Amino acid sequence: MTTTFKIAMCVLLAMAVTVSAQAQDWSRDGVLSFDTRKVLGKLESALKVHDEIPTLEESRLIGRDQKSAGRELEKIIRESMELFESESINGLRTQYRRLEERIATEKDNITRFRKERVLASRDDRSLRTKLMPGDTLKSFVAVTKADFDMLIEAAENNIEGYEEEKARTITDMSNALGAIGVELSGDQLEALMSSVTGDDVVSMSVVFNAIKDMTTQLAELTQESGEDLAYAKKYYGMVVILHRIIGTMQEQFVAEIDDRYLPKLQEYRGTANSNIKESRALLAAGANAETMRSNIRSNEMTIQVINLYEKMLKGQRAKVNEALKVTEKEIRVANNTYNTVSLSSAVVSMIRQGANTFEQLISLQMPDVQEFQNEQVREEFRNLTARMGL
């Protein structure tokens, strides 16, 4: 890759980023651009099932019962969550993950090229790599040390470009989240996105803010309906469903940590401890001291990062679980109010109170995000995340 070509590519990439930044709207309305009509339709469907459940038998062999209706309500609630997602933030998250995958691929390529370079018998560039266009095709015909040097350099250049694009993506995501009141520095956001819960934390922040805005719109619709109690009650019933949506997301978050991530970290810690024990036994038996001590240090670093990861997940779980307790209480209060409300004039203030509650929940459960101590910890953290199935 010539210097002139690199400069041209950088200029084109910079121009593309500039155009993209100018076109993107990082205002609150631009980030939270959900379709109000679709949301209202979905909330109304959920409310009908919600109202139907108490009229049904708890369980029956044939026909509709509370269990089947409850499953339908849960399905509608999950569909409603998706309507509140931010298209712009989801796009940035997808872009960030894609760049991570490309970087990982290039690192794997470098490892493979270095291995092949050691095995190569000739030093000079082969004619085939000179004639073949594109790094991918060149990699298929590379046979000499110089061929693999060229491929390694190209992969390193690609990684550098992807890292720069990743940094721009993080900046855009930080700006987008800042527009809805979620203040995270680039380093904090990168640390969050490197964890298994990163996407869920971002999703909850977006959805909860969208729900708060939707609640404000429901208050306005109620006010415009005048003294029509039926409409006022329906809109307040939608607030009850919004509470259920928030509770469902919180329950899912806590369950994932308890049932999936913490057990896996415990398993990895056990494996690392076993590796240390075996390395020490081999060292005592006369195995290569430098290799065994290196293995022990590596596994000790793994345990250190596992402990850090576990502490982070438990902290996030504690915050969300505390917020979940508030949500569960608010669901009971909202249900009771919905069943007993008799004055449409009182509904507007109750809906606005719901918006205030959602605001409190957003701040209550936002985790404390710490930056990485060093690059080694960052890399080990990412490795654990990959092993846990991100």
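A polar contact is a pair of N or O atoms within 3.5 Å. The model discussed here is predicted.

Q: Which residue's backbone nitrogen does a side-chain oxygen of Asn-288 reach at the start of H12?
A: Polar contacts are cut off at 3.5 Å. At the start of H12, a side-chain oxygen of Asn-288 comes to within 3.1 Å of a backbone nitrogen. That nitrogen belongs to Glu-290.

Q: How far apart are the end C-alpha atoms of helix H12?
A: Helix H12 covers residues 289–340, which is 52 residues. At 1.5 Å a residue, the helix should span 76 Å. The distance in the model agrees with this, at 76 Å.

Q: Which domains give residues to the largest nonpolar core?
A: This core has 83 residues, of which Phe-84, Leu-177, Leu-242 and Ile-245 touch the most other members. Helix H11 (residues 229–284) gives the most to this core, 18 residues. Residues come from both 28–84 + 197–357 and 87–128 + 142–194, so the core lies between domain 1 and domain 2.

Q: Which residues does Leu-177 touch, not counting residues up to four places away in sequence?
A: Leu-177 is among the members of the largest nonpolar core that touch the most others. With residues up to four places away in sequence left out, Leu-177 touches Ile-89, Val-182, Leu-184, Leu-189, Val-202 and Val-206.

Q: How many residues apart in sequence are the parts tied together by Arg-93 and Asp-199?
A: The two side chains meet in a salt bridge with an N to O distance of 3.1 Å. Arg-93 lies in helix H5 (residues 87–119) and Asp-199 in helix H10 (residues 198–224), so the pair ties together parts whose separation in sequence is 106 residues.

Q: Is Arg-93 buried or exposed?
A: A residue counts as buried under 20% relative accessible area. The value for Arg-93 is 13%. Arg-93 is therefore buried.

Q: Which helices does the salt bridge between Arg-382 and Glu-190 tie together?
A: The side chains of Arg-382 and Glu-190 meet at 2.8 Å, N to O. The two residues are 192 residues apart in sequence, and their pairing ties together helix H14 and helix H9.

Q: Which residue meets Arg-378 in a salt bridge?
A: The N to O distance of this salt bridge is 3.3 Å. Arg-378 lies in helix H14 (residues 375–387) and its partner in helix H9 (residues 186–193), so the pair ties together parts that are 188 residues apart in sequence. Both residues are buried. The partner is Glu-190.

Definitions and conventions: Residues are numbered from 1 along each chain as its sequence is written. This is a predicted model: local features need pLDDT of at least 70, side-chain atom pairs count only at pLDDT 80 or more; totals for chains, interfaces and linings use all residues. Side-chain values use heavy atoms; hydrogens and water are left out. A nonpolar core is a set of buried Ala, Val, Leu, Ile, Met, Phe, Trp, Tyr and Cys residues joined through side-chain atoms within 4.5 Å. Buried means under 20% relative accessible area, exposed over 50%, partly exposed in between (1.4 Å probe, protein chains only). Helices (H or I, at least four residues) and strands (E, at least two) are DSSP runs, numbered from the N terminus. Domain bounds come from an automatic or database domain assignment. Contact means heavy atoms within 4.5 Å. The expected span of a helix is 1.5 Å times one less than its number of residues. A polar contact is a pair of N or O atoms within 3.5 Å; within protein, one must be able to donate a hydrogen and the other to accept it, and residues adjacent in sequence count only if both atoms are side-chain atoms. A salt bridge is a side-chain nitrogen of Lys or Arg within 4 Å of a carboxyl oxygen of Asp or Glu.
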